[in-house]
Amino acid sequence: GLRCLRHRRRCGRLLLNISNPPSPREFNRAGPSFRSFSRMPLSPSPDPRPSGGSGLAALSELRARVDQRLPLLLKRADERPTDVHAAMHYALTGPGKRVRPALTLLVADLFGVRGARSERVLDIACAVEMVHACSLILDDLPSMDNAALRRGRATVHRTFGEAPALLAALALLNRGYEVVAESAHHLGLKR
């Protein structure tokens, strides 16, 4: 028992002292448990790609789902106030990688969300993209970066004006919160 305890202490000391690696003598003295631990793989699966194909194909499929759903969560661009709704559509449906919503969907898939529940999670993923679009609009404003281009096209404030851009950003933020609240209610999520 005492020998085992000393062995554990020595192993623990070797594991915790990363800035000063153990000498070969200390490493050998620590015993087989430390040596086998140091050779353990970092992930249980050697291939991190989804089983359905390549990772890029899976991401482009998720991106397509998000791109298709985003405009459906907003009011039509021709509804009043037209300049604000058109600016919301312009900012949200523009070209983008959609990494944030894709990550949201991948995490939901890891937790086994399937079927009708996955459509609600898709809405939550789109809400994440709404908040991101809001941050991009605000970042491009003249009082911040005064950017002329975003993703290869004119920024929202250059296209629609500063006031509609600011209102569109705040509307996207509030719509994102609304979508999350609606989806959480339908999913039965509790605090």
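This passage describes the fold, the helix packing, the nonpolar core and several individual residues of a predicted model.

The protein contains 9 helices and 2 strands, and their order along the sequence is α-α-α-α-α-α-α-β-β-α-α. The chain has 191 residues, of which 30% count as buried. The accessible surface amounts to about 12800 Å², and carbon and sulfur atoms contribute 59% of that area. Among contacts with a separation of 6 or more, 59% are between residues 24 or more positions apart in the protein.

The largest nonpolar core comprises 33 residues, and within this core L92, L105, M130, I137, V156 and L172 touch the most other members. At least two residues of the core come from each of α4, α5, α6, α7 and α9, the last of which covers residues 162-187. The greatest contribution is that of α7, which supplies 10 residues. In soluble globular proteins, nonpolar side chains tend to be buried together. The surroundings of L172 illustrate the connections of one core member. With neighbours within four places in sequence set aside, L172 is in contact with L74, M88, A91, L92, M130, A133, C134 and I137. Of these partners, L92, M130 and I137 are also among the core residues that touch the most other members.

Helix α5 is largely enclosed by the rest of the structure, because 8 of its 11 residues are buried. The buried positions in α5 are V84, H85, A87, M88, H89, Y90, A91 and L92. The elements that cover these residues include α7, β2, α8 (residues 156-160) and α9. Two of the buried residues of α5, M88 and A91, appear among the contacts of L172, as does L92.

Helix α6 spans residues 99-110, and its 12 residues reach 16 Å from the first C-alpha to the last, close to the 16 Å expected at 1.5 Å a residue. Within α6, the residues P101, A102, L105 and A108 are buried. These four lie on the same side of α6, because they cover an arc of only 125 degrees around the axis. The buried residues of this helix pack against α7 and against α4, which comprises residues 55-69. Just after α6, G112 adopts a positive phi of about 80 degrees.

Several backbone features occur in the loops. The peptide bond that joins R80 and P81 is cis, with omega of about -5 degrees. P81 is located in the loop between α4 and α5, the latter covering residues 82-92. In the loop between α5 and α6 lies R98, a residue other than glycine whose phi is positive and near 60 degrees. R98 counts as buried, because its relative accessibility of 4% is under the 20% threshold. A positive phi, of about 55 degrees, is also found at R151, although this residue is not a glycine. R151 occupies the loop between β1 (residues 149-150) and β2 (residues 153-154). With a relative accessible area of 35%, R151 is partly exposed, since this value falls between the limits of 20% and 50%.

Helix α7 extends over residues 116-140 and includes H132. The relative accessibility of H132 is 14%, so this residue counts as buried. When residues up to four places away in sequence are not counted, H132 touches R100 and R151. The latter partner thus links H132 to the loop between β1 and β2, where R151 is placed.

In helix α9, S183 is buried as well, with a relative accessible area of 1%. Beyond its neighbours within four places in sequence, S183 is in contact with R120, D123 and I124.

The cysteines C126 and C134 are also of note. C126 is buried, with a relative accessible area of 0%, and C134, at 5% relative accessibility, likewise counts as buried. C134 is one of the contacts of L172. A search of the whole structure finds 0 disulfides.

Note on methods
Residues are numbered from 1 along each chain as its sequence is written. This is a predicted model: local features need pLDDT of at least 70, side-chain atom pairs count only at pLDDT 80 or more; totals for chains, interfaces and linings use all residues. Side-chain values use heavy atoms; hydrogens and water are left out. Buried means under 20% relative accessible area, exposed over 50%, partly exposed in between (1.4 Å probe, protein chains only). Contact means heavy atoms within 4.5 Å. Accessible areas come from the Shrake-Rupley method with a 1.4 Å probe; for residues, only the protein chains shown count as cover. The expected span of a helix is 1.5 Å times one less than its number of residues. The arc is that of the directions from the helix axis to the C-beta atoms. A disulfide is a pair of cysteine sulfur atoms within 2.5 Å. A nonpolar core is a set of buried Ala, Val, Leu, Ile, Met, Phe, Trp, Tyr and Cys residues joined through side-chain atoms within 4.5 Å.
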